[in-house]
Amino acid sequence: MVMIGNQTPPQIDEPEIEIDVQNLDFYYGKHQALHDICMSVPKGMVTALIGPSGCGKSTFLRTLNRMNDIIGGTRVEGKIVIQSKDIYAPNIDVVMLRKRVGMVFQKPNPFPKSIFENVAYGPRIHGIKNRAQLQEIVERSLVRAAIWDEVKDRLHISGLELSGGQQQRLCIARALAVDPDILLMDEPASALDPRSTQRIEDLIAELRGDYTIVIVTHNMQQAARVSDYTAFFYEGHLIEFGKTERIFTKPNNKQTEDYITGRFG
Amino acid sequence: MQKWKEKAVKLGLLGASSTSILIVLLIFFYLIKEALPFALDPGLSSLSGSLWAPTSMLKESFGILPLLTGSLLVTAMATIIAIPVGVIAAIYISEIARPAEREVLKPFIELLAALPSVVIGFFGLVVFVPLVKSVFGLSTGLTALTGALLLALMAIPTIISISEDAISSVPSSYKQASLALGASKLETIFKITVPAALSGIVASITLGIGRVIGETMAVLMVTGNAAVVTMNPLTSVRTMTATIAAEMGEVAFGSHHYRALFWVALILLGITFALNILAQKALSKYKLG
Ligand SMILES: Nc1ncnc2c1ncn2[C@@H]1O[C@H](COP(=O)(O)OP(=O)(O)O)[C@@H](O)[C@H]1O
Ligand SMILES: [Mg+2]
């Protein structure tokens, strides 16, 4: 590489950063679940979080929309900067943060309400009352979540009447309805059959580019298939982070290599 | 051998349940039997009057309207007081209170539910009667409102404990989904949690009201026992249950007055029965989902 002076030349393919995590520590009471995490999540890309069970993937994911706040006795140190704002700064509006950072859970959890009301819930919370506008948002979100064709004739039935895979896509539609920039997904397909899993993976590929997606998965093949970047966590530490292709072909770290080759975890 | 045992147990259970059904039926038939002659003499139309003066020297009157309105007024007011207090308390205990507060509040509510109604009536006599009197500047604190306050006090623990059950069994995944969409804690409570627990809350209300509608002693002690047709909460009234309790002991067996009291009992039974069916329906819906 040719160096100009002592500065690194600007790289063409240097991605724009959406989430910048700086020296993040996280505690459940006295138990430290995350140690000094530093990580820059690129905008418009899919970032996979992998690692053995209990290594802190879900905890890390929930720090990004402050969902850990609802668990008593937790503590955060360090910084998470999203769109140039420290989301743990005292003046931050958690409501606005969660509007920008949507979340999809491991187990599909539609509300016990109609399909329409499930999707309209978020926009209503954020002040949209106009029926026509809500209808437009509901349709657009369901189309975007690739479930519109299956439910368009029965928007009034309960979301709980759908199959597991459909429920999960409904939950994705519900998250998209508030127009977030970032989508957090915690093992979104782990409760689903292979066909539904396939559809979720296709959907993630569809959404890529328009949303910054951070997805937890315990399935290495899935991480390799859907993500651009991969972060490997182990016992609360971020062991390695980089382009998925490289992580899976030339990991720098021995532990990463052992994990992705299936030697443990 | 095993089969024989099973049969015996089944038979025993069948016996027990049919005995209880039989007893209820017997009570019902006895009520009808004692009430029926009144329909011939002096006739059912005399029940519809607005004067209850069963022992009048001039003219006996058996108009149950004042008793009906008395019961209605007291129960309706009790319901209006008990629902918001009970439901809000249930929401507070299950969704807002810190665990330490919950540890104190829950046994306290259960204790309140277990208090005998005479004790609550006595409490009302000592506390609510003077309170109502001085707050509204009345000559007596023995009013419909006082009775309603007492009945509400009795209904509230039932409403709280069943509503609290229903609210805290709403899956936390619903609440998390709502919070993750940017809803506040209060929005989540009122738009997700409470609607999801609604049938249980309705059941708790019906059971709570069911508990107080047949309540006798407490109201007898504090409502002033004046059988007048009124919708003014600050006057003395007389409920159906209080009437039966107060007069049955002194009535001449077989008299018109005696039979009129049985009609009051029958009507009360009908109302309680209807309410219980409503409560059952609400409860079974709540259990189903
Ligand atoms: N609500 C909680 N309270 C206390 N400890 C927790 C809680 N959730 C997770 N932990 C702990 O934090 C660590 C990381 O858990 P988690 O983030 O769920 O891991 P993963 O998602 O990678 O399986 C584990 O040791 C787990 O026991
Ligand atoms: Mg997890």
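The exercises below concern a predicted model and are each followed by a worked solution.

In this predicted model, local features need pLDDT of at least 70, side-chain atom pairs count only at pLDDT 80 or more, and totals for chains, interfaces and linings use all residues. Residues are numbered from 1 along each chain as its sequence is written, chains are lettered from A and ligands numbered from 1 in the order in which they are written, and side-chain values use heavy atoms, with hydrogens and water left out.

**Exercise 1. Describe the surroundings of ligand 1.**

Step 1. A residue is near a molecule if one of its heavy atoms lies within 4 Å of it. The residues around ligand 1 are Tyr28(A), His31(A), Ala33(A), Ser53(A), Gly54(A), Cys55(A), Gly56(A), Lys57(A), Ser58(A), Thr59(A) and Ile71(A).

Step 2. Sort this shell by class: four residues are nonpolar, six polar and one charged. Here Ala, Val, Leu, Ile, Met, Phe, Trp, Tyr, Cys and Pro count as nonpolar, Asp, Glu, Lys and Arg as charged, and the others, Gly among them, as polar.

Step 3. Assign the shell to elements, where helices (H or I, at least four residues) and strands (E, at least two) are DSSP runs numbered from the N terminus. Strand 2 (31-42) and helix 1 (57-63) of chain A each supply at least two residues, and helix 1 of chain A gives the most, with three residues.

**Exercise 2. Find polar atoms of chain A that lie close to ligand 1, using a limit of 3.5 Å between N or O atoms.**

Step 1. Begin with side chains. A polar side-chain atom of Tyr28(A) is 3.3 Å from a nitrogen atom of ligand 1, and one of His31(A) is 3.5 Å from an oxygen atom of the ligand.

Step 2. Turn to the backbone. A polar backbone atom of Cys55(A) lies 3.3 Å from an oxygen atom of ligand 1.

Step 3. Add the area: taken alone, ligand 1 exposes 560 Å², and the protein buries 62% of that. Accessible areas come from the Shrake-Rupley method with a 1.4 Å probe.

**Exercise 3. Describe how helix 3 (residues 65-96) of chain B crosses helix 9 (residues 198-213) of chain B.**

Step 1. The two axes, which are lines fitted to C-alpha atoms over the stretch in contact, come within 10 Å and cross at roughly 140°. Angles run from 0 to 180 degrees between N-to-C directions.

Step 2. That angle makes helix 3 of chain B oblique to helix 9 of chain B. Angles under 35 degrees count as roughly parallel, over 145 as roughly antiparallel, 65 to 115 as roughly perpendicular and the rest as oblique.

Step 3. The crossing is right-handed. A crossing is left-handed if the near helix is turned anticlockwise from the far one by less than a right angle, and right-handed if clockwise.

**Exercise 4. Treat helix 3 and helix 8 (residues 185-196) of chain B in the same manner.**

Step 1. Their axes come within 12 Å and cross at roughly 115°.

Step 2. Helix 3 of chain B and helix 8 of chain B are therefore roughly perpendicular to each other. Their crossing is right-handed.

**Exercise 5. Locate two backbone features, one in each chain.**

Step 1. In chain B, the peptide bond from Asp41(B) to Pro42(B) is cis, with omega near 10°. Pro42(B) belongs to helix 2 (residues 37-43) of chain B.

Step 2. In chain A, Asp36(A) has a phi near 45°, a positive value in a residue other than glycine. Asp36(A) is found in strand 2 of chain A.

Note on methods: A polar contact is a pair of N or O atoms within 3.5 Å; within protein, one must be able to donate a hydrogen and the other to accept it, and residues adjacent in sequence count only if both atoms are side-chain atoms.
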